[in-house]
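Here is a friendly walk through one protein, from its overall make-up to a few charged side chains. Have the sequence and the 3D view open as you read.

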Amino acid sequence: MSSINFNIIYERQLPKKVTIAKASTINQLISQALTVFSIDPASYTGKLYHNDKLLDGSLPLRLTNLLNNSKLVLKTSKKSSSGITNQDINVKFMNDQGGSAVKKISNGLKLNEVVREFGGDLTRPSILRILELNIESEKYDQVTLESIVGDSKNVVIRLNYRKSNDEENKETTERKQQEAIRLHIEQERLRKQKEERERLVELDKKKEIPPVYENDAKSEKDIEMKEPDEEPEEAQHVETKPLTKNPPPLETTADSNHYTFKEEELEDTPQLYVPSKTPQKSYDNPDEDYEVTLNQVKAYQNMIRNSGKRKPSKNKVPSSLPKKYQIRIKFPDGTILQINFIENVSEVKFGQLIKKIDELLLPEFINEYNLKNGVPPFTTIDMNFTTNNEYLHKLPDFQQERIMLIWELQKKDLNVHGPYVKNSQLTIKQSDELPERVLETHRGELPDDDQYRRHHHHHHTASQNNSSKPATDADKSKESKVPKWFKMK
């Protein structure tokens, strides 16, 4: 029920029934009651009482405890004869574009005068929200501020402009695009999960089936086919071959359980990584990584001391130019745009990068943004005619093959939200597919550094003739005395 009825009693007259919308305030109910009892609102002011309790004039009816057909008492008082009936109140005016202002104005002004006082546009359809009451722009010239707020000294007014059909169509299109992106990401996620399950099943099957070496099978067959008088000599000769050429089965099976990371293949097509809704699992280091002895601490201390004594060589060879560029631009909504330059990297200019970014941006954001270096202190990159003609490898911020940039608006506006990039001409991926995220997900499956070195050292020594020689003290001293989390690059 959007309206409510009240039985209002005034002095000795018969009670009269007044119907009003629930969204109205007590002051609007008083104004309607004065009209019903033929009382001049220009000469008299009214107040309403319920069970001998004064009702606050600025309170909306839906926030009161008044029931339908409640009895209210109207009491009036004559306004002062000096003619000064209005008073100045503090008004905080806010619009949907983020602007706000505070002024002291008369509560006798009509709403259209209030909007004009704060610089609002009366030519555009709008809605004023005052004390939980929404008033359309067609009624601004019929309602005064006093009829809504009454004797209140402070009030907050919010102005919201109605959106045109073009703006509504644009928002609808953006919502459809976001929904399409979400469905695409969901399909990719399900596909990745299916591939991961199939990979694990294949891995389990490989664990169950022991590896069979071809040389072993041939040697056993040859031994069975030989005559008895030749069997010992040939058997001795064949048995030595697997020791030098084939690795032990157990170690091969152990290595197959480890995850092998592959570098991402760069593509010419830009990629857009959209933030994933699923949280990333954190990896906890095993307790053995945190074990350290006194000798290891001393060794680490000496490493730090020696690194401080190093002096740069006088004949320093200049670093080589980047062979490729993997440039990532991070946007305020968390999306990451990756642009790759694979061929003719030495001829790529800064202006070509800006042009490629502008081609992928939505039209309203072109020439309205800054680029910052993604590494502290996050310096802003100059974007001018001189810089546009410079080669990337000559700029100090583009000396590495992998670059992270931060995209931000020149005029920061909290009401401007993404998306910032077009969906066409892009390969859309989930942020979980970033190579560093994938590596972090499989971090627990990576082989241990010490175990990997021991495994390959064992095969290397087994292939040598002097592999049976015992290890000397010099060989033992070559082993690392520092944990792998202490190592310096």
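Buried residues account for 27% of the 489 residues in the protein, where buried means under 20% relative accessible area, exposed means over 50%, and partly exposed is in between (1.4 Å probe, protein chains only). What you are looking at is a predicted model, in which local features need pLDDT of at least 70 and side-chain atom pairs count only at pLDDT 80 or more, while totals for chains, interfaces and linings use all residues. Residues are numbered from 1 along each chain as its sequence is written, and side-chain values use heavy atoms, with hydrogens and water left out.

## Overall make-up

The protein has 14 helices and 16 strands; these are DSSP runs numbered from the N terminus, with at least four residues for a helix (H or I) and at least two for a strand (E). Its accessible surface comes to about 33900 Å², and carbon and sulfur atoms hold 50% of that; the areas come from the Shrake-Rupley method with a 1.4 Å probe, and for residues only the protein chains shown count as cover. Of the contacts between residues at least 6 apart in sequence, 70% join residues at least 24 apart, a contact being heavy atoms within 4.5 Å.

## Two open sheets

Strands of a sheet pair through backbone hydrogen bonds, either parallel or antiparallel. Here two strands count as paired if DSSP finds at least two bridges between them.

One open sheet has five strands in the order E2-E1-E5-E3-E4, with mixed pairing. Strand E4 (53–54) and E2 stand at its edges with a single partner strand each, so one side of each has no neighbour in the sheet. Strands E1 (residues 3–10) and E2 (residues 16–21) run antiparallel and are joined by six bridges, with Asn7 opposite Lys17 in E2. The hairpin of E1 and E2 has five residues between the strands, and Glu11 takes a positive phi near 50 degrees there. Six bridges also pair strand E3 (residues 44–50) with strand E5 (residues 70–78) in the antiparallel sense; Thr45 has Ser77 in E5 as its bridge partner. Helix H1 (residues 26–36) lies across E1, E2, E3 and E5 and runs at about 140 degrees to E2. For such angles, axes are lines fitted to C-alpha atoms, for helices over the stretch in contact, and the values run from 0 to 180 degrees between N-to-C directions.

Another open sheet of five strands follows the order E7-E6-E10-E8-E9, again with mixed pairing. Its edge strands are E7 (100–106) and E9 (133–136), each pairing on one side only. On average, neighbouring strands of this sheet are turned by 25 degrees against each other, direction ignored. Strand E6 (residues 88–95) runs parallel to strand E10 (residues 154–161), and six bridges join them; Phe93 stands opposite Ile157 in E10.

## Charged side chains

Side chains of opposite charge can pair when their charged atoms come close. A salt bridge here is a side-chain nitrogen of Lys or Arg within 4 Å of a carboxyl oxygen of Asp or Glu, and by this rule the count comes to 10. Three of them are set out below.

| Pair | N to O distance |
|---|---|
| Glu138 and Arg162 | 3.3 Å |
| Glu188 and Arg191 | 2.7 Å |
| Glu436 and Arg328 | 2.6 Å |

The Glu436 and Arg328 pair links distant parts of the chain, with Glu436 in helix H12 and Arg328 in strand E12 (residues 325–330), 108 residues apart. Glu436 is partly exposed at 40% relative accessibility, whereas Arg328 is buried at 8%. Salt bridges that share partners also join Glu136, Glu138 and Arg162 into one network.

Glu188 and Arg191 sit three residues apart in helix H4, about one turn of the helix. Arg191 is partly exposed, at 36% relative accessibility.

Which charged residue is buried yet has no salt bridge? Glu433 fits that description, and Lys192, the nearest side chain of opposite charge, is 4.2 Å away; Lys and Arg count as positive and Asp and Glu as negative, while His and the chain ends are not counted. Glu433 lies in the loop between strand E16 (427–430) and helix H12 (435–441). Beyond its neighbours within four places in sequence, Glu433 is in contact with Glu188, Lys192, Tyr273 and Val438.
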